[in-house]
Amino acid sequence: LTFVMAVMGVSWAKIWPAAKLKGAAIRFSNGGTGVRRCALRSFNMYSSRQRALAHRVAAFDDSKFDIPLSKIYADDDSESVPLHLVRKGEDIAAAAGDASAAFASAVKFKGSQGQACVMPGPDGQLEKAFFGIDDGSEPLVLGLAPGKLPPKTYTIAKDMDASEATTAALAWGLGSYKYTRLQKPSDSTEENKAKDAPSLVWPAKADKKKVSAMLEGMFWARDLINTPANLLGPEELEKEAEQMALQHGAEWKVTVGATLEKDFPLIHAVGKGSSRPPRLLEIKWGNPEKPKIALVGKGVVFDTGGYNIKPGGSMFPMKKDMGGAGAILGLTHMLMASGIDAHVHTLIPIAENSISGEAFRPSDVITSRSGITVEIGNTDAEGRLILADALSLADDDKPELILNMATLTGAHRVALGWDLPGIFTNDDEFAAKLYEKGESIGDPVWRLPLHKGYESYLKSKVADTSSTGSKGLAGAITAALFLKKFVPKTIENGGTWMHIDFAGWTDPRPGRPEGGEAQAIQALYEILMEKYGSA
């Protein structure tokens, strides 16, 4: 029955109102022991064809975003304005005529990156537009256009191959993102506000499915990172992940309370000082017989620093400290929406690092899930602790790949700034592919070393390891070396482990509006889909 419903796009929520669910799943509780499960189906029940069909549970509802994808793109070009992409110094007359060239010259349009020029026709209405792409080397340059052009529908006046068309459509969409839901609404209606944003006619050869999956994942991740912590606590983040699992008919599990304290002591320790309880969320999707991918994201919904309290300026942006969770959930959505031919296991350890009589302390020694005892060097280095327990669980399956993402260290930002995520891995080939892909699509990363010489910095006199380095140096590297201790089975089995330390925030740049940002997941999505393909 569940399978038939999945194929038909009918949810349990529609036929069983008492379930009070938004998607196609039933939620079970095991009597208050601290584990909740939700599952659409077991893959062992179905054939390969049935598995593929079961993935298609429901169409994605993009109305959750402040600007839906349906308002960013158009299919009808009958009333659209031609948009000419102009390189710096290019002869506009050759592409658009002498009158256009004269007009562009008169308004000093030169084709510089992000420069826009609109030209009226004889009736005074907008007839054509020009947009500067400089030397054309910035892949996401068209992401600047939605913020520069009047609110009309545009058609790119250029023949593009499939790759160019897909990149152009993606860049436009990424640059159209808005997070305005907490601001006082204008007097205009929602429909009119949507019309105030420019839209793009889908380029003829663009891969709509790919662009939509990537934008949905990016917008979802950005929304999560941008949401203030009073509106996105552990329970709210759990519900967002639940919605994602239900959307794709995935297994869903949350561990809380006494069970969390027993089975995942580091996650419990970090979050026990808050009135909002910590938890571990898991999503499993795909055929268990296929190659296994584990994705782990740090979900610290707010970080005061604990007893090693942050100064005010450093604490203010800490709503973004769940950026790893946001990025991993965004990537998870992209992969599920694209039907990746792999088994995806997503783990999100969630906690709020607060100060109270229950909070953990510097010098506490806690036995981790893996059995490694950890001396707490600094309570403001909490992210690696919750990741450690989640990584240990992921490591039990010895997957082909364990990828974890976290807004982990200030040392990374000092070294690489906001734009460049730092990657640490045991796999040279995977690192090289990610770097090359990132450079080619405008989602760059930079590899940092897992220098064995710094392992001694993590020595403790009373436990198996300290959580922090003793020297106050190479903080991003020692954090990565700490995490590596919790994935030994995967590494010994020949699998890949990659840790990505990133900012989760960006200054305005092409395709990246200022605010929360899930750096690296576009490049990760591309190389994972290239490797595993669609089912």
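A pocket is an open set of grid points with protein on both sides within 12 Å along at least five of seven lines, and its volume is the space filled by probe spheres set on those points. With that in hand, here are some exercises on this predicted model.

**Exercise 1. The largest pocket**

Find how much space the largest pocket holds, and describe its lining by position, element and class.

*Solution.*
- Step 1: start with the volume. The largest pocket encloses about 710 Å³.
- Step 2: look at the wall. The lining is made of 31 residues, and those nearest the centre are Leu85, Pro139, Lys158, Met160 and Glu164.
- Step 3: map the lining onto elements. Two or more residues come from each of strand E4 (81-87), helix H5 (92-96), strand E6 (126-134), helix H7 (162-176), helix H17 (428-441) and helix H20 (521-532). Of the contributors, H7 gives the most, with six residues.
- Step 4: sort by class. The lining of this pocket holds 15 nonpolar, seven polar and nine charged residues.

**Exercise 2. The enclosed space**

Work out how many cavities of 30 Å³ or more there are, and which residues line the largest cavity.

*Solution.*
- Step 1: recall the idea behind the search. Rolling a probe the size of a water molecule over the atoms shows where empty space is left.
- Step 2: count. The search gives one cavity of 30 Å³ or more, and the largest cavity has a volume of about 40 Å³.
- Step 3: name the lining. Around the largest cavity sit Lys292, Ile293, Ala294, His343, His345, Ala394, Asp397 and Pro399.
- Step 4: assign elements. At least two lining residues come from strand E11 (292-297), and likewise from strand E13 (343-353). E11 is the top contributor to this lining, with three residues.
- Step 5: classify. Four residues of the cavity lining are nonpolar, two are polar and two are charged.

**Exercise 3. Salt bridges across the chain**

Say how many salt bridges the whole structure has, then trace what Glu526 and Asp396 each pair with.

*Solution.*
- Step 1: begin with the principle. Side chains of opposite charge can pair when their charged atoms come close.
- Step 2: take the total. Over the whole structure, 27 salt bridges are found.
- Step 3: follow Glu526. Its partner is Lys210, and the closest N and O atoms are 3.0 Å apart. Glu526 belongs to helix H20 and Lys210 to helix H9 (residues 208-226), so this pair ties together parts 316 residues apart in sequence.
- Step 4: check accessibility, using under 20% as the cut-off for buried. Glu526 has a relative accessible area of 11% and is therefore buried, while Lys210, at 21%, is partly exposed.
- Step 5: follow Asp396. The side chain of Asp396 meets that of Lys489 in a salt bridge, at 2.7 Å from N to O. This pair also links distant parts of the chain, with Asp396 in the loop between helix H15 (383-395) and strand E16 (401-406) and Lys489 in helix H19 (residues 488-492), 93 residues apart.
- Step 6: check accessibility again. Asp396 is partly exposed at 32%, and Lys489 is partly exposed at 35%.

**Exercise 4. A network and its surroundings**

Identify the network that contains Arg512 and Glu517, then place Pro513 relative to Arg222.

*Solution.*
- Step 1: start from one pair. Glu517 and Arg512 form a salt bridge at 3.8 Å, N to O, and both Glu517 and Arg512 are buried.
- Step 2: extend the pair. Through salt bridges with shared partners, Arg222, Asp443, Arg512 and Glu517 form one network.
- Step 3: turn to Pro513. Pro513 sits in the loop between strand E21 (505-506) and strand E22 (515-516), and is partly exposed at 24% relative accessibility.
- Step 4: compare chain and space. Pro513 and Arg222 are 291 residues apart along the chain, and their C-alpha atoms are separated by 10.0 Å.

**Exercise 5. Two positive phi angles**

Determine where Lys108 and Asp134 lie, and whether each is exposed, partly exposed or buried.

*Solution.*
- Step 1: Lys108 has a phi near 60 degrees, a positive value in a residue other than glycine. Lys108 lies in the loop between helix H6 (98-106) and strand E5 (116-120).
- Step 2: with 62% relative accessible area, Lys108 is exposed.
- Step 3: Asp134, not a glycine either, has a positive phi of about 55 degrees. Asp134 is part of strand E6.
- Step 4: Asp134 is partly exposed, at 25%.

Definitions and conventions: Residues are numbered from 1 along each chain as its sequence is written. This is a predicted model: local features need pLDDT of at least 70, side-chain atom pairs count only at pLDDT 80 or more; totals for chains, interfaces and linings use all residues. Side-chain values use heavy atoms; hydrogens and water are left out. On a 1 Å grid over the protein atoms alone, a cavity is a set of points where a 1.4 Å probe fits but cannot get out, and a pocket is an open set with protein on both sides within 12 Å along at least five of seven lines; lining residues have an atom within 4 Å of a point. Helices (H or I, at least four residues) and strands (E, at least two) are DSSP runs, numbered from the N terminus. Ala, Val, Leu, Ile, Met, Phe, Trp, Tyr, Cys and Pro count as nonpolar, Asp, Glu, Lys and Arg as charged, and the others, Gly among them, as polar. Buried means under 20% relative accessible area, exposed over 50%, partly exposed in between (1.4 Å probe, protein chains only). A salt bridge is a side-chain nitrogen of Lys or Arg within 4 Å of a carboxyl oxygen of Asp or Glu.
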